[in-house]
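Here's a quick briefing to read alongside the model. Have the viewer open and click through the residues as they come up.

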Amino acid sequence: MKIEGHGQAKILTQEEIELLFNDGLQTDRDRALFGICLYAACRVAEACSLKVIDVFTPANAIRSEMVIRKGNTKGKLGTRTIPIIQDLRLLLETYKHPQHPYLFPSRHLNHHWKHMNPEAASHLFQKACEKVGIIGASTHSLRRSALTQMSNAGIPLRIIQEVSGHRNLEQLQKYLEVRPDQVRGAVSALSTLSYVRKSAYPDSSPPTPQNPLPHHQLSQALTDSETEEIPEW
């Protein structure tokens, strides 16, 4: 949990995500912006710097994939192409973006970035979290929550890395949260390595000197052996 700028950003629960998007965020623009952070698992600076053409076609239709340009990524490692899922598509359909090259233009016309300031976006997110009582979250919570959800769903880390844009798997793994119940489940799997032989069902135990047949079965077995005919081979 992140407290006063220290620690990792909180992983959001499903209930917190519902609260945030339904009650915390107040405008269609803000829901679209932070929906991109969540459903594209991207950084807030990457979302703020998106151009309209990166998400919409020239005919203003939502693309099947959005483009996060190399120049806007951390470390400028490479361009990423992220599929736009239905949840994000609904948020983008609701947002009526202005006639501007950037999807989220700056309100200050003379600002050199021309797009929304990531620090201003972070401030909006904090206000939304405070409104619904979410503590320890930041805009990075959306990215961490998305990547952790993919990991929990069994998506291979190499594929998640393709979405996240991390330089290597070691960096990616630092983002992922391990829940206590996952640790308990992992340790429970070790019960198959038992140092004692598991007890068999009583009816299936073979006769041994320590476990002879009951007397009536033993006598019957002797009688059968005495009357049994020896076949001619």
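Let's start with a residue that is completely covered: leucine 103 has a relative accessibility of 0%, so it counts as buried. Keep in mind that this is a predicted model. The notes below go from that residue to the overall make-up, then to two helix pairs, and on to a handful of single residues.

**Leucine 103**

- You'll find leucine 103 in the loop between α5 and α6, the latter spanning 118-132.
- Not counting neighbours within four places in sequence, leucine 103 touches Ile36, Leu50, Lys51, Val52, Val55, Phe56, Tyr95, His97 and Pro98.
- Aspartate 54 sits 49 residues away from leucine 103 along the chain, yet the two C-alpha atoms are separated by 8.6 Å.

**The whole protein**

- The protein has 11 helices and 2 strands.
- Read from the N terminus, the elements go α-α-α-α-β-β-α-α-α-α-α-α-α.
- Of the 233 residues in the protein, 35% are buried.
- Among contacts with a separation of 6 or more, 57% link residues 24 or more positions apart.
- Accessible surface adds up to about 15300 Å², and carbon and sulfur atoms hold 55% of that.

**Helix α2 against helix α5**

- Helix α2 covers residues 28-39 and helix α5 covers residues 86-94; their axes come within 8 Å and cross at roughly 155°.
- Angles over 145 degrees count as roughly antiparallel, and α2 and α5 are therefore roughly antiparallel to each other.
- As for handedness, α2 passes α5 in a left-handed crossing.
- On the α2 side, the contact takes in Asp28, Arg31, Ala32, Gly35, Ile36 and Tyr39, and on the α5 side Asp87, Leu88, Leu91, Leu92 and Thr94.
- Sorted by class, the residues of that contact between α2 and α5 come out as 6 nonpolar, 2 polar and 3 charged.

**Helix α2 against helix α7**

- Helix α2 also packs on helix α7 (residues 139-152), this time at an angle of about 35° with the axes 7 Å apart.
- From α2, the residues involved are Phe34, Cys37 and Leu38; from α7, they are Thr139, Leu142, Arg143, Ser145 and Ala146.
- The class split for α2 with α7 is 5 nonpolar, 2 polar and 1 charged.

**Arginine 89**

- Arginine 89 is part of helix α5.
- Buried or exposed, for arginine 89? The cut-off for buried is under 20% relative accessible area, so arginine 89, at 19% relative accessibility, counts as buried.
- Setting aside neighbours within four places in sequence, arginine 89 has contacts with Ile62, Arg63, Ser64 and Ile84.
- Tyrosine 39 is 50 residues from arginine 89 along the chain, with 9.7 Å between their C-alpha atoms.

**Lysine 174**

- Lysine 174 belongs to helix α9, which runs over residues 169-175.
- With 54% relative accessibility, lysine 174 counts as exposed, since the cut-off for exposed is over 50%.
- Once neighbours within four places in sequence are left out, lysine 174 is in contact with Gln8 and Arg144.
- In sequence, lysine 174 and glutamine 8 are 166 residues apart; in space, their C-alpha atoms are 9.4 Å apart.

**Positive phi without glycine**

- Which phi value does alanine 41 have? Its phi is near 50°, which is positive even though the residue is not a glycine.
- Alanine 41 sits in the loop between α2 and α3, with α3 at 44-48.
- Alanine 41 has a relative accessible area of 2%, so it is buried.
- Asparagine 60 is another residue other than glycine with a positive phi, near 70°.
- The loop holding asparagine 60 lies between α4 (52-55) and β1 (65-68).
- Asparagine 60 is partly exposed, with a relative accessible area of 46%.

Conventions: Residues are numbered from 1 along each chain as its sequence is written. This is a predicted model: local features need pLDDT of at least 70, side-chain atom pairs count only at pLDDT 80 or more; totals for chains, interfaces and linings use all residues. Side-chain values use heavy atoms; hydrogens and water are left out. Axes are lines fitted to C-alpha atoms, for helices over the stretch in contact, and angles run from 0 to 180 degrees between N-to-C directions. Helices (H or I, at least four residues) and strands (E, at least two) are DSSP runs, numbered from the N terminus. Angles under 35 degrees count as roughly parallel, over 145 as roughly antiparallel, 65 to 115 as roughly perpendicular and the rest as oblique. A crossing is left-handed if the near helix is turned anticlockwise from the far one by less than a right angle, and right-handed if clockwise. Contact means heavy atoms within 4.5 Å. Ala, Val, Leu, Ile, Met, Phe, Trp, Tyr, Cys and Pro count as nonpolar, Asp, Glu, Lys and Arg as charged, and the others, Gly among them, as polar. Buried means under 20% relative accessible area, exposed over 50%, partly exposed in between (1.4 Å probe, protein chains only). Accessible areas come from the Shrake-Rupley method with a 1.4 Å probe; for residues, only the protein chains shown count as cover.
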